[in-house]
There are 2 protein chains.
Amino acid sequence: MNTRVLLARRPQGPITTDLFVFDQAPVPEPGPGDVLVRNIYLSCDPYLVGRIQSVFPLGEPVAVRAVGVIARSENPAWLEGTIVWGFLAWEEYTLVPGGRGLTAVDPTLGPISSAISVLGMPGLTAYVGTLELGQPKPGETFYVSSAAGAVGSLAGQLARLAGARVVGSAGSPAKCAHVIDKLGFDACFDHRAVSSVGEGLDQHCPEGVDVYFDNVGGETLDAVLARLNPHARIAVCGQISTYVGQGAGLPNIMAMLRQRATMTGFSIYDHTHKLPEFLPWMSRLLREGNVVYVEDVREGIDSVPDAFVGMLAGDNIGKRLVRVSDDPTTS
Amino acid sequence: MNTRVLLARRPQGPITTDLFVFDQAPVPEPGPGDVLVRNIYLSCDPYLVGRIQSVFPLGEPVAVRAVGVIARSENPAWLEGTIVWGFLAWEEYTLVPGGRGLTAVDPTLGPISSAISVLGMPGLTAYVGTLELGQPKPGETFYVSSAAGAVGSLAGQLARLAGARVVGSAGSPAKCAHVIDKLGFDACFDHRAVSSVGEGLDQHCPEGVDVYFDNVGGETLDAVLARLNPHARIAVCGQISTYVGQGAGLPNIMAMLRQRATMTGFSIYDHTHKLPEFLPWMSRLLREGNVVYVEDVREGIDSVPDAFVGMLAGDNIGKRLVRVSDDPTTS
């Protein structure tokens, strides 16, 4: 049987585990040209909130990026046993009509799970937002929110490699210790331990902010606006704090003009053609130890709703994944 | 005697004429190296509000861009009778120590008043914001607020020359008629005659906004955010509506991420080195009739406070200037 996590209803407010129900269905039968993937690693991403609110159909498994292995193939282009990633779903097996949208994973580049973490969209997101949009320079101050998260943890390390002084914020003392000790940030403050983000910035970015990699929006973005340096750059990657509830006001938006700053929102789907240049470069940075990347892996399909809702509340350090079957490259 | 307009006190709220007092002082005597300018055209610019609020010294004439003629020179580099522009002041005569900061005006490029309008900073502002930052393309929709103003009136025409569909907003039916009939915009709506800017945009930009040249900020900016097209560009030139009072919230700031948009604040002082390339190009556009530029000239030093406060309230069509002495090129 195929255990699936279905979206049962739309949220009225915050995302809670009771929006999802478990379901058991027969493992699908691939028809001519189809591929059946046994899922191994399922992703839990903040952007899913918006889709859960208004896009994903009710009564269906939640569509997410996943890494799996081809369990059965009726398609000559896809051999059984091949490791792939694609938009699959929160379920144990996903039928892929015509094998469309799958990408083979090169296991020599890194652990196969990284195809949906540091060697996938989260990694590419950090790369585009930090180096293409943020363009940190030696001596500049780079600040990233959600510094212990899937994207922020890498963004800060790339900025540090570019020579910037790197400051993060995260939601617990353990995360801050991780960010400083393991990831090599110059500073990281616990946004729950300061009276305001502005206080944390005043303490840790005394010379202002030149580049802000924005993972949260809202009051944090506004606090950064008030501390921008001339010609600052803001890369708006995600605004997790405004996914739920009202968009926040930005009383300090005038700083964009005063400091001649640039704010750019971006979606990684405009940049996926850069993966071929990105993957070998990032793989080498990891292999040579210049970048550290941590995954926070929960076990079992039953843990998916908890893993997702917990990630939204910030209980993860690094990229949150759920392993739902054996990884043949590690067993 | 030299009639001067002094800043008497700081505003507690809106800018009113009683912040200023008139004063008569002896015409200054240039010392060695100094230049005395008889001012002809004084500028009235929105950006002065911020300086009046917190920068300009009390009891002194308000420093503004002006065009004048050298009345007396004790500096061999500056001949009497030369037309110049520079940061002078709201007064009839300005003493320029060492002749520093003056620029000779080439009267063959256009009327000498244009050195502080279309062939000066307002013109360069429209050029940088529209063509360098906005980059309108054929078929795109370009929207500019304050479309009848010193900068907006030119920004829209440059966007039209670049092939965009150009929509403006302004504060009276007469201004809208001017913008459409004289300046050749495709549409212009009276922001005082619609229930909200959003309503005006829905009517006149039914396909959304690709480029916004922001002269006002606040609710107008937020209404544009809600109607951005993918990869839209916002050039933040001025936010006259937020110069006075609190910065406005931007409930729709999330659109920056959703539409992968870019917002750039800019100050023309970062771009003044582009004047040599800009001036002959703009002069030719004017001469050949491809761009129309209107100045709204009041007469006499006594009218300066009214001219300035009225401009802030939107009583001008085109660039607001005050002529305070004879223009030798037109008499």
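Three short exercises on chain B of this predicted model follow, each with a worked solution.

**Exercise 1.** Which residues of helix H3 of chain B are buried, and what covers them?

*Solution.* Start with the residues. B:Gly152, B:Ser153, B:Leu154, B:Ala155, B:Gly156, B:Gln157, B:Leu158, B:Ala159 and B:Arg160 are buried. Next, weigh that against the whole helix. H3(B) spans residues 152-161, and nine of its 10 residues are buried, so the helix is largely enclosed by the rest of the structure. Then look for the cover. It includes helix H2 (121-134) and strands E8 (141-144), E9 (165-170) and E11 (209-214) of chain B. Last, step past the helix end. B:Gly163 follows H3(B) and has a positive phi, near 105°.

**Exercise 2.** How are helices H5 and H6 of chain B oriented to each other?

*Solution.* Take the axes of H5(B), residues 197-204, and H6(B). They come within 9 Å and cross at roughly 40°. Oblique covers angles that are neither under 35 degrees, nor 65 to 115, nor over 145. The two helices are therefore oblique to each other. Their crossing is right-handed. B:Val197, B:Gly198 and B:Leu201 of H5(B) meet B:Glu219, B:Thr220, B:Ala223 and B:Val224 of H6(B). By class, that contact has four nonpolar, two polar and one charged residues.

**Exercise 3.** Where is B:Ala226 placed, and why does it count as partly exposed?

*Solution.* Find the loop between helix H6 (218-225) and strand E12 (228-236) of chain B; B:Ala226 is there. Now count neighbours. B:Ala226 has 18 other C-beta atoms within 10 Å. Buried needs 20 or more and exposed 12 or fewer, so a count in between means partly exposed. Finally, check contacts beyond four places in sequence: B:Gly198, B:Asn252 and B:Ala255. B:Gly198 is 28 residues from B:Ala226 in sequence, yet 8.3 Å away in space, C-alpha to C-alpha.

Terms used: Residues numbered from 1 in each chain as written. Chains lettered and ligands numbered in written order. Predicted model: local features only at pLDDT ≥ 70, side-chain atom pairs only at ≥ 80, totals over all residues. Helix = DSSP H or I, 4+ residues; strand = E, 2+ residues; numbered from the N terminus. Contact = placed C-beta atoms within 7 Å. Axes fitted to C-alpha atoms, helices over the stretch in contact; angles between N-to-C directions. Left-handed = near helix turned anticlockwise from the far one by under 90°. Nonpolar A, V, L, I, M, F, W, Y, C, P; charged D, E, K, R; others polar.
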